[in-house]
Amino acid sequence: MKYISTRDNHEPVSSAEAINFGMVPNGGLFVPESFPKVDALAAANETYHQTAFRVLRPLLDDYSDRELTECIDSAYNEHTFDIPSVVKLADISGNRHILELWHGPTAAFKDVALQIMPHFLRIAKKKLGKTNHTVILVATSGDTGKAALEGFKDCEGISIVVFFPDGGVSPIQKLQMVTTGGDNTCVIGVRGNFDDCQTGVKNLFGDSDLREQLKKRNMEFSSANSINWGRLSPQIVYYFRAYGELLSNSRIEPGSPVDFCVPTGNFGNILAGYYAKQMGVPIRRLICASNRNNILTDFFTTGKYDRNREFYRTMSPSMDILISSNLERFLFEISGKDAVTVKTMYESLNKSGSFTIGGKIKELMDELILPCWIDEPQVLETIGSVYRKSGYTIDTHTAVAVAAAERMRDDGVPIVIDSTASPYKFSRDVLKGISGEEIENEFQSIDRLSEVTNTAIHSAVSGLDKKEIRHRKVIDIEQMKQSVMDSLL
Ligand SMILES: *Cc1c(COP(=O)(O)O)cnc(C)c1O
């Protein structure tokens, strides 16, 4: 399988090269030149590992069987995920099914990708004969940082430096990060907000003096964000697994269609669903669920993507995004792999902050994507009503998707709702939605949530307050470069 650029500005590369590059050097994203067909019905009788192998096999065809198996086994095992099936379905009512994607080490769905991506990268470097040391730089508003740290911790030939806004992440998220073990991890608080961290990291990537200094020591920067093919491809697997589980639970007939409803931020998760459809999962529609930052709802409704708008902080912070980077990959496919169109759109986005599509492309999008956004009060209400009706506890991101699915007319086609975080990761809001209690202290709210719902606390957050703090550095924005040099050189 060759990977081509969405802007037709790079020669085709192998999957190892695409993973090693991250994004296309001159802008644009690597996408597979075609989608191999993989039998979805066979997933009914498989383990997660078996399905992962079959789905990833044709996509990463420059990896040997042994290398691919090694990646899958190292990523998904009893030390990393708390259920052997890695993901699982739960019913909330009739033909609405919840796909729990948060059984990994940090309690967010990003683990599914970030547990395997470091192995992809480690082996990609070996295959490409790269002997340099890779330094992963991450700016995080919370969830990504910890998931990346857990994935890259103790990964050979790679270190990771995470910058987070000190005071701008929840106490749980901060503790999760600063208690991370491993000899190759570095976690630094920045006196500033998330944008300061992100801009700072971008500046580090672009700093030619720093790059030179690293090069002298045989080191190189890289990133772990969701535009890397190594992060996107593993997410296709669980769409096959969900279909397989619906089959083996006799919830559907072989070949009959299903819809998926995805709480969306950067458009990575829902794009993986679209790729799964291309590869053979009988998906009819994808419901794109947004919170109050409803730029995607507007785009799919009107055809105009306009980032000139206010940014809101919501209870589902991992979806608080105005630029959904992976949308570019979707637009490439839906326009019939038209790199010229994609290029024009993104030039317009850069220049004026907006672009518009219409005609045939818009029609194709309308057939496939159902957009919907949910306001804050309804998120809390949905958490409460799902708990009262089904005795099932959902987090604030999942609640956005459940509320969106509930707005859709029930025409008999099952809807699978991607559940992207454990309720214990956002316990204060979840508790408020369920019992109306407002507890300021996060650890107290975690205990109380467990009491009220009679569910076990996710291992990612239990005992966190007793763990040793290993990273204490807090710096000013201007010190980011110096702190990287201190920790690496
Ligand atoms: C990252 C994240 C999302 C958004 O996923 P995208 O792939 O960026 O669309 C949704 N929910 C949670 C809990 C997340 O961590």
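The following exchange concerns strands, packed helices and a cavity in a predicted model.

Trainee: What is the order of the strands in the open sheet of 5 strands?

Mentor: The edge positions of this open sheet belong to β8 (219–222) and β15 (474–476), each of which pairs on one side only. The pairing within the sheet is parallel, and the twist averages 30° from one strand to the next. Read across, the order is β8-β5-β6-β7-β15.

Trainee: Which residue in β7 is the bridge partner of Pro165?

Mentor: Strand β6 covers residues 158–165 and β7 covers residues 185–191. The two run parallel and are joined by 6 bridges. For Pro165, the bridge partner in β7 is Val190.

Trainee: Helix α8 packs on the sheet; what angle does its direction make with that of β5?

Mentor: Helix α5 (residues 117–127) also packs on this sheet, where it touches β5 (133–139) and β6, and its direction makes about 140° with that of β6. Helix α8 (residues 194–206) touches β5, β6, β7 and β8. The angle between the direction of α8 and that of β5 is about 155°.

Trainee: How many of the residues of strand β14 are buried?

Mentor: A residue counts as buried when its relative accessible area is under 20%. In a regular strand the side chains alternate between the two faces of the sheet. On one side of β14, Ile415, Ile417 and Ser419 are buried, and on the other side Val416 and Asp418 are buried as well. With both faces covered, the number of buried residues in β14 (residues 415–419) is 5 of 5.

Trainee: Which residue of β14 stands opposite Asp259?

Mentor: Strand β14 pairs in the parallel sense with β9 (residues 258–263) over 3 bridges. It also runs parallel to β4 (residues 96–100), to which 5 bridges join it; there, Leu99 has Asp418 as its bridge partner. Opposite Asp259 stands Ile415.

Trainee: How many charged residues are in the lining of the largest cavity?

Mentor: The count of cavities of 30 Å³ or more comes to 1, and the largest cavity holds about 40 Å³ of space. Its lining consists of Thr264, Gly265, Ser290, Asn293, Ile295, Leu296, Met319, Ile321 and Ser324. Gly is counted among the polar residues, so Gly265 falls in that class. The lining thus has 4 nonpolar and 5 polar residues, and the number of charged residues is none.

Technical notes. Residues are numbered from 1 along each chain as its sequence is written. This is a predicted model: local features need pLDDT of at least 70, side-chain atom pairs count only at pLDDT 80 or more; totals for chains, interfaces and linings use all residues. Side-chain values use heavy atoms; hydrogens and water are left out. Two strands pair if DSSP finds at least two bridges between them. Helices (H or I, at least four residues) and strands (E, at least two) are DSSP runs, numbered from the N terminus. Axes are lines fitted to C-alpha atoms, for helices over the stretch in contact, and angles run from 0 to 180 degrees between N-to-C directions. Contact means heavy atoms within 4.5 Å. On a 1 Å grid over the protein atoms alone, a cavity is a set of points where a 1.4 Å probe fits but cannot get out, and a pocket is an open set with protein on both sides within 12 Å along at least five of seven lines; lining residues have an atom within 4 Å of a point. Grid points are joined across faces, edges and corners, and a volume is the space filled by probe spheres set on the points. Buried means under 20% relative accessible area, exposed over 50%, partly exposed in between (1.4 Å probe, protein chains only).
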